[in-house]
Amino acid sequence: MSRVLIIEDEYAMRRALEDLLAGEGYRVLVASDGPTGLERATEQRPDLVLLDVMLPKLDGFSVAGGLRKLG
């Protein structure tokens with residue numbers, strides 16, 4: 001089963017994406033801020049990351065940079 005990580009601070013959007021993807025059979029991981037998202041991506045190694053650009057604590061561009069460093 002493919003894993004998708006949603007990094008989104010807006011609850012309604014995060015929940016809608018989570019429900020939609022879970023309904024399609026994906027294993028969905030979620031995070032509500034940049035540091036948590038980066039941590040989950042490191043630990044869980046998802047197949048796809050849906051990343052909001054404007055996040056609290058660490059913006060999406062910084063998260064994307066951190067993910068690129070991980071390979």
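What follows is a look at strand β1 and its neighbours, and then at two loop residues with unusual backbone angles, in a predicted model.

Strand β1 covers residues 3-7, and 4 of its 5 residues are buried, leaving the strand mostly covered. Two strands pair with β1. With β2 (residues 27-31), the pairing is parallel and is built from 5 bridges; within it, Ile 6 has Val 30 of β2 as its bridge partner. The pairing with β3 (residues 48-51) is parallel too, with 4 bridges, and here Leu 5 of the pair is matched to Val 49 in β3. As for side chains, those in a regular strand alternate between the two faces of the sheet.

How do β1 and β2 fit together with the helix α1? Helix α1 spans residues 11-23, and β1, α1 and β2 together make up a β-α-β unit of the right-handed kind.

Turning to the loops, most residues other than glycine have a negative phi. Two residues here go the other way. Arg 45 is not a glycine, yet its phi is positive, at about 50°. This arginine sits in the loop that links α2 (34-44) to β3. With a relative accessibility of 46%, Arg 45 falls short of the 50% cut-off for exposed and so counts as partly exposed.

Lys 57 is the other case: again not a glycine, with a positive phi of about 75°. Its place is the loop between β3 and α3 (60-70). Lys 57 is exposed because its relative accessible area, 72%, is over the 50% cut-off.

Note on methods:
Residues are numbered from 1 along each chain as its sequence is written. This is a predicted model: local features need pLDDT of at least 70, side-chain atom pairs count only at pLDDT 80 or more; totals for chains, interfaces and linings use all residues. Side-chain values use heavy atoms; hydrogens and water are left out. Buried means under 20% relative accessible area, exposed over 50%, partly exposed in between (1.4 Å probe, protein chains only). Two strands pair if DSSP finds at least two bridges between them. A crossover is right-handed if, with the strands pointing away from the viewer, the path from the first strand over the helix to the second runs clockwise.
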